[in-house]
Every structure is written in C-alpha cells, then in structure tokens.
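Trainee: Got a minute to go through a structure with me? I'd like to start with the overall picture and then poke at some details.

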Amino acid sequence: MSEAQAQMSEDDADLAAAAGGASIRTAVVTTGGDYSSPYPDQVLENVLENVLIFLTSRRDRNAVSLVCKSWYRAEALTRSEIYIGNCYSVSPRRAAERFRRVRSVVLKGKPRFADFSLMPPDWGAHFAPWVIEMAEAYRGLEKLYLKRMNVTDDDLAVMARSFGNFRELVLVCCEGFGTAGLAVVASKCRQLRVFDLIEAEVSDDDEVDWLSCFPESGTCLESLIFDCVEFPINFDALENLVARSRSLKKLRVNRFVNLEQLHRLMILAPQLTDLGTGSFSPQDHPIDQEPDLVSAFTACRSLVSLSGFRETVPDYLPAVYPVCANITSLNFSYANITADELKPVIRNCHKLQIFWVLDSVRDEGLQAVAATCKDLRELRVFPIDATEDNVGPVSDVGLQAISEGCKKLESILYFCQQMTNAAVISMSNNCPDLVVFRLCIIGRYRPDHSTGEPMDEGFGAIVKNCKKLTRLAVSGLLTDKAFSYIGQYGKLVRTLSFAFAGDSDLGLKYVLEGCSKLEKLEIRDCPFGDSALRSGLHHYHNMRFLWMSTCRVTRQGCREIAQQIPRVIVEVFRWNQILEEGEKSDLVDTLYLYRSLEGPRADAPKFVNIL
Amino acid sequence: MEVVSLLGEMKGKMNFEETELRLGLPGNISKLKSNIVNSGATNVNGKRGFAEAANVDLKLNLVSSKGDGEIVDQAAESEEIKNLLGGAGSTDSVVKPPAKAQVVGWPPVRSSYRKNIISLQKAATKKGDEENEKVMSSPMGATFVKVSLDGAPYLRKVDLKMYKSYQELSDALGNMFNSFTIGNCGSQGMMDFMNESRLMDLLNNSDYVPTYEDKDGDWMLVGDVPWEMFVGSCKRLRIMKGAEAIGLAPRAMEKCKNRT
C-alpha cells in the first residue's frame, strides 16, 4: 500500500467512524497543576506513540494509519522516514503536512524505462519543488535518497544550506547536476557521512574540483561512491581526502583512477569494507616499479565488496586473490575477461552472495561460478555485445549450471541470445527461493532454440514453482499462454516487464485480472489494445504505474480510462515520430498511467498530453 | 547537417574559396558538395519513401535521454518486422531480424553502461598503439568531447571514435540538436526538416558554423583536416553562429601555413 491509498482509505475510515457513532476523543492535555486521570484513549495514544517508534516498515505503518484517526495522527507524528515511489503521486506540501518530523526521505521519479531512451528528456521528475518544501518543513532532514530524479546544482545548493544535520546523500540514476552542485554539498554539509553517486549522469561543464571542497580538518565520511563519474578528478585531492577520512568504509572511485593511484589509496585506507577499483589498469607510461597490490589487498582484512574493474588488464587480477575468500559481493560487469581469467579468482570466492559479470566469461565461466559459489543469492550477467545475433557467449547451458550449483539463488538478471524451456524449468525447480527472475533473450521473438517452441512453458514454470516471486521480466517468443500462466500463478508478483511478447489483448487481460498484487507494469512493443487496457480498470488505483509504449492502445481508449477512474493520471506522449504520409493514427505511442492525489501536474512539457 | 558543405557555403560567402586550404585529398570537398546537390535534386518535395523515412524515424528516436549522442545502426527492416509481427503467433511467420539490427532501448541495458561497454569492445579489438591523446580519453580509446550549440540550453557529449567520417559526425550532431533547430523551423514540421536542402537553408540562414578547439587551444573550422587528424586533435566542438566565426578563417590559414 502506498501513501495515496492510505490517504484514500483513511477518508473511508473517517466516514465509517462517523456513521458507526464511535467517538474518538482526542487526548486532553491539562494545563496548570492538576493531574487528571488520563482518558482511555490518551493511554492508547501514549502506548501507540511508544510502540510505533519501533515500527519501521512503511507497509506496517501504512496499515497502522488506517485503523482510526488517532492512530493515523500518532503514526504520522512518529514516522521518520517517508518513501515516495512516484514523485507525482503526492505533492510536497501534502506530504509535509501529514508527516512533520521526518529525518529521511526516499523519492523516486521517472519510471525505469526512461533508462533505455524510451522517455523524452525534460519529461519531468524535478527535485526542485521538493527541496523547496523540505527546506522549510524538514529542517532536521538527515538522509536523502533520490532515484531517477532531475536534480540541479541549485537544488543541491538549497539542500546543502537548509539542513544543518544532513548526513546521507544517495543519488541513483539522477541527472541535471554537475561538479558545482557536488562542490556545494561537499563544502557545506559538514556532517556528511554518505556521499553516493550511483549510475548518475554528472556533467563537468563547470569543471569544479569538487573533491577539494570537503572540510579541511577531517571528515565524517563513511561512504564515498563516484564510480559513475565520466571525467577525470583531482587525484591528489582524493588522496588527501581519504587520508583525512578515518571513518571511511566504502570507496568506489571512477575509471580515471589507475592501479598505481589505487594502490596509494588502499595503503591509506586498509579499513575499507567496500572498494571500487576504478580502471584496474596501470598508467600509460609506468615510471616507478609496479606497486605491490597483493600486499595492499592483503591488508584489507575487512573487505567484503569489490567492484570497478572498468578497464581491467587481466594480468593484474591475481592481486585480488587475498580477499576472495571473504568477499560477499563482486561486480565484474565492466571486466572484459575470459573464463580462464575468471576461474582463478572465482574458485576462491566461497562466500560470494552477489555476483555481476559480463558474458565474456561464457557458459564455461558460469559453470565455474556454479561450482564454487554455493551461497550465491544474486547473479547478473550483462551482454558485452548487445546486438541481436544467433549465438552468444552465454546460453541455456550457463543458466542450467547456475540452477544446479546455486540453489539459494534469489535474484537473477540474465542476458543471452538463446535459451531453452528446459533450462528455465530446471531453474524453477532448483531455486525455490527466487524472488526476482529477469531473463532477457536479446533476439526478439526467439523461441526455444532446441525445440522451436515458444518460451511459454519456461516462464510458466517459474511463476508456478517459485512461490516467493515478486518480480518477473520475460522475453523470447511468447504467446498468450505465458500470460495466462502469469495471471494464474503470479499471485505475489508486484513488478512485471513485457517486451515484444503476446498475441492479443487476452495476454494483458490475464495478467491484469490475475495478478492482484501487481504494482508496476511496464510494457513495450506488445499487441495489447484498448480492450486489454479496460480490463485493468478495477486495479489501476492500486498500482504505482502502468507503462505501455508502442502497443495498440488508442487515444480514445486512454481517454476512457482517464474519465472512469478518479485520481489516476493518464499521460500520453509521442515524440520523435515521423508520421507516414497520410497516416492518421489514433494509436498512442506511449501511455504512462499512475495514481495520484493531485491533479494533472503543472510541469508537464508540451509533448505530454494529460487526458 | 552536412558539415563539410556548410563549410563550403560559408566560405563562399566570405570569398575564401580561392584561398581555401585543404590538407586532405584535393577534390574531396567538391565531391561532397556535388553529392549534396544531387540528393537535393532528387528530393524536390522533401518527402521520402517508406524505407528512408523509417530509417530517419529510427535515427531520431535515438536521441537518448542521456544525450550522449551515441548512434546505433538501424536497419529499415526492423521497422517492417515490427509491423509484420503485429499479430504473429506461429514461428513460421516470424521474420528473424537481420543480425546487427537494433531497436531503440533494446536490449534493456542502461545507455551509459552500453557506452562504456562499447569502449571496452573497441579496446579489445584495437591493435597497435594509438596516439597518446590526453584529450579526456580513457586509456582504452574513447574520445569524448563536449558539443555546444550556440543558443541551445544544454551541452552534449560525443565520442569521436564512434564515427568514421565528417559525414557521420554531422549526421549525429544533426540528430542531437534537431529538437532545438526544429523550433526554429517554425510551422514547417519534421518532414521538411529532413529535406537536406531545406535543412541547409535553415542552417545557412541561421549561419551556424561548426568549429572545434584543438590541442593548442585554438578554435578552428571543422572540415579542414583529414578525419583522423581531427579526431586526434579535437578537444571540444562548438556550433557557433556565423557572425562569430568570421574571425576564425584567417587564424586557420595561419596555423595551416605553419604546419605545412
């Protein structure tokens, strides 16, 4: 349940209370000297207030807030972290009025498909109205987590000067800001412990040396992540910063830090638990003798997470052997290494739980992973060559091996060129703990390569056998049958991604009618039309969003939806499309539908139509 | 946007034709110019056939939200396949997309990640040593330069190593900034914009001139030097209004004189 639903249901609770005649007396606070015995409800409120402090899960808190008005108020006063999954579902003012004592905010903007160039730039998700509201309402704000938001340097400046006790800034997949913004945060937020830029797009137009802007005397930094920054940094400033940040535990540098420089940093910070190695290649013209990386890694006894390897020179990989036995998380997704280069590393990683890798390691590399990493919980295999092709370096063979070796697997993202139902079925049987199953067969409409059948049975087995599944992404040749399986068995599924799949409206209908817990549905290039769209009318207010692009939905169909459900915003846009001469199409290019307590947003750009 | 022919047009206006310096093969520029003239002639009314339109359509779709100017090769066939497979269920009617065909946003890998991986791929196949340019280039061979268009509200970045010629670069730049220049088209709409002669009129009327800053910090007109030399020495691109570029040509000549 989300904010919006809690709000709407709370109205119902009010009505019910009034109708039922139950009186909810507010707590009475006596002034003056008397102590009068507290009303029963006041006791209740005191208890609630003291118990609620221990409730952290937002879903639990949402449930609590629905009981009655006094529980609602008590909960609102004691919630210290708010989570807003869609920045347009509620206005900053409304959030601030309900929750007054907030120290941590999680705010998400654009839907995930924006990452794949499916959304026009300047669509929205601006942080500005939020920071302006929070600057007044939440002066005690300590933590901010933003995902897919548009954040400007000005926003960062407002943030930096408004929150005196600010401690943690995490920007994931955000854009719109640059080094000037980073510099303001570094210099003004003296209590900063966490400064994480993850997959963010940082511009360096201003070319400010932000790393030099941290407090001179020493910092409280515990985590500094900037591996996504695509321009050089001032290494001396970085070295100096690491030297005077004695609490630093996580450091992920970008690819402009070479091996020699990495060595210098590691010497300064052997207490690191999480290291992003930067380029992992030596400088172009090495002048000194090679740094003793093995000693540096050996000294990092607490290291559990390793990433980076942006331009790996495999000869240097053996340097990481000393830490392999301890690491639980290894990200090789930028390392263009072969199976033979991977094996000596991976065979020591017995404790590995999270592994991200490039498919350059081939099925053979994955077999090595399956042989050693018995504790693996999360695997992501990324494609080095994303063009559609008949054969790729990883296939059903790798997936089969993983399913047999890594029985505790909970989450998988697997890119390949070809797959079989048998391997997927095998995974569904061997890995009952799967919560996230995302299989991307890069070749669109590709059937099972050994039987020629659609991939229906494979995905069907996943939803049937993996009883904990909450997230599913499908690919390959899929008929409506696959969707009927999903609708029938995917009762816990919250996030679904469909692309180039299905035969007809029935497919989407099965899903919308069957998946009662569905919250996020992203669809592209599927033959689903208005009739399918209508079948979800009962459910859209329970979802965070529905995205459909290049399907068969018409403007009229979208308009009907918009008219029939209150408090759901229907955005329709079409951009960079050249209409065929004489083509009169009512087909909508992109439909983005989300629930909201507010009306149509005021900051929609011209190409967005809100119906 | 035909960079080289723009150059030619501009120079014509400034009467520099006689003193035009080319370090490339002689006759290069005039050949390209004549290509433009020819294609202009065949597109009298600015409308193209389906396949070309589809190509163009797909290209425009590639202005990624990250604005990095990466260009992915498109095949017109993938557009056709999308249409063909509208209701296809059986495997028989599935037309396998041709190898190396690509669709916007597919596979679903983040565009910034793709950009990095493409550099990795190039590095893996690179042989021999390259010129050691410290022009915002990683050791593995990508050369990102900032591109600014005078009057546009944002900068873009392109990896020069992604292109093999001025033609490819100019196409890419045209795509990147089309949303801005279309605004200047007024009510013409997209179809007219894609007509090259109309495009050239627009750009000529607006006097946009592509220039770049080279290693020495000097601003030069794009198109003077052979492509490889350009990639090696270009630090930054700026598409400026003609009025400002007037001062450039003499300097360019001076530099070239000093070099040869």
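What follows is a chat about the fold of one chain, some backbone oddities, aromatic pairs and a helix.

Mentor: Sure, and keep in mind that this is a predicted model.

Trainee: Okay, how many helices and strands does chain A have?

Mentor: Chain A has 21 helices and 23 strands.

Trainee: And what's its radius of gyration, next to what you'd get for a compact globule?

Mentor: Chain A comes out at 26 Å, and a compact globule of 611 residues would be near 25 Å, so the two agree. Along the principal axes, its C-alpha atoms fill a box of roughly 80 × 70 × 50 Å.

Trainee: What share of the residues of chain A is buried?

Mentor: 59% of the 611 residues count as buried. As for contacts in chain A with a separation of 6 or more, 70% of them are between residues 24 or more positions apart.

Trainee: What about the surface, how much of it belongs to carbon and sulfur atoms?

Mentor: 50%, out of an accessible surface of about 23,500 Å² for chain A.

Trainee: And the charges, how far apart are the mean positions of the positive and negative ones?

Mentor: 6 Å, with 68 positive and 80 negative charges in chain A.

Trainee: Switching to the backbone. Which residues in the loop between E2 and H6 of chain A should I look at?

Mentor: Try A:Asp122 and A:Ala125. A:Asp122 has a positive phi of about 65° without being a glycine, and A:Ala125 has one of about 60°, again without being a glycine.

Trainee: Why point those out?

Mentor: Because most residues other than glycine have a negative phi.

Trainee: Fair enough. Is A:Asp122 buried or exposed?

Mentor: A:Asp122 counts as exposed because its relative accessibility is 53%, and the cut-off for exposed is over 50%. A:Ala125, on the other hand, is buried, with a relative accessible area of 0%.

Trainee: Now chain B. Is the peptide bond from B:Trp106 to B:Pro107 cis or trans?

Mentor: That bond is cis, with omega near -5°. B:Pro107 lies in the loop between helix H4 (76-84) and helix H5 (111-125) of chain B.

Trainee: Aromatics next. How many aromatic pairs are there over all chains?

Mentor: The count is 30. One of interest is the pair of A:Tyr334 and B:Tyr113, which is edge-to-face, with 5.0 Å from centre to centre and 65° between the planes. This pair crosses between chains: A:Tyr334 sits in the loop between strand E12 (329-332) and helix H13 (339-346) of chain A, and B:Tyr113 in helix H5 of chain B.

Trainee: Are those two tyrosines buried or exposed?

Mentor: Buried: A:Tyr334 has a relative accessible area of 7%, and B:Tyr113 has 6%.

Trainee: Which residues do ring pairs link into a cluster?

Mentor: Among them are A:Tyr88, A:Phe113, A:Phe116, A:Trp123, A:Trp547 and A:Tyr592.

Trainee: Last topic, helix H15 of chain A. How many of its residues are buried?

Mentor: Seven of the ten residues in 396-405 are buried, so H15 is largely enclosed by the rest of the structure. The buried ones include A:Asp396, A:Leu399, A:Ile402 and A:Gly405.

Trainee: What covers them?

Mentor: The cover includes helix H14 (362-372), strand E14 (378-382), strand E15 (411-416) and helix H16 (421-430) of chain A.

Conventions
Residues numbered from 1 in each chain as written. Chains lettered and ligands numbered in written order. Predicted model: local features only at pLDDT ≥ 70, side-chain atom pairs only at ≥ 80, totals over all residues. Heavy atoms only, no water. Helix = DSSP H or I, 4+ residues; strand = E, 2+ residues; numbered from the N terminus. Rg over C-alpha atoms; globule rule 2.2 N^0.38 Å. Buried < 20%, exposed > 50% of the residue type's maximum accessible area, 1.4 Å probe, protein only. Contact = heavy atoms within 4.5 Å. Areas by Shrake-Rupley, 256 points an atom, 1.4 Å probe, with all protein chains shown as cover. Lys, Arg positive; Asp, Glu negative; His and termini not counted. Charge placed at Lys NZ, Arg CZ, Asp CG, Glu CD. Phe/Tyr/Trp six-rings, centres within 6.5 Å; stacked < 30°, edge-to-face > 60°.
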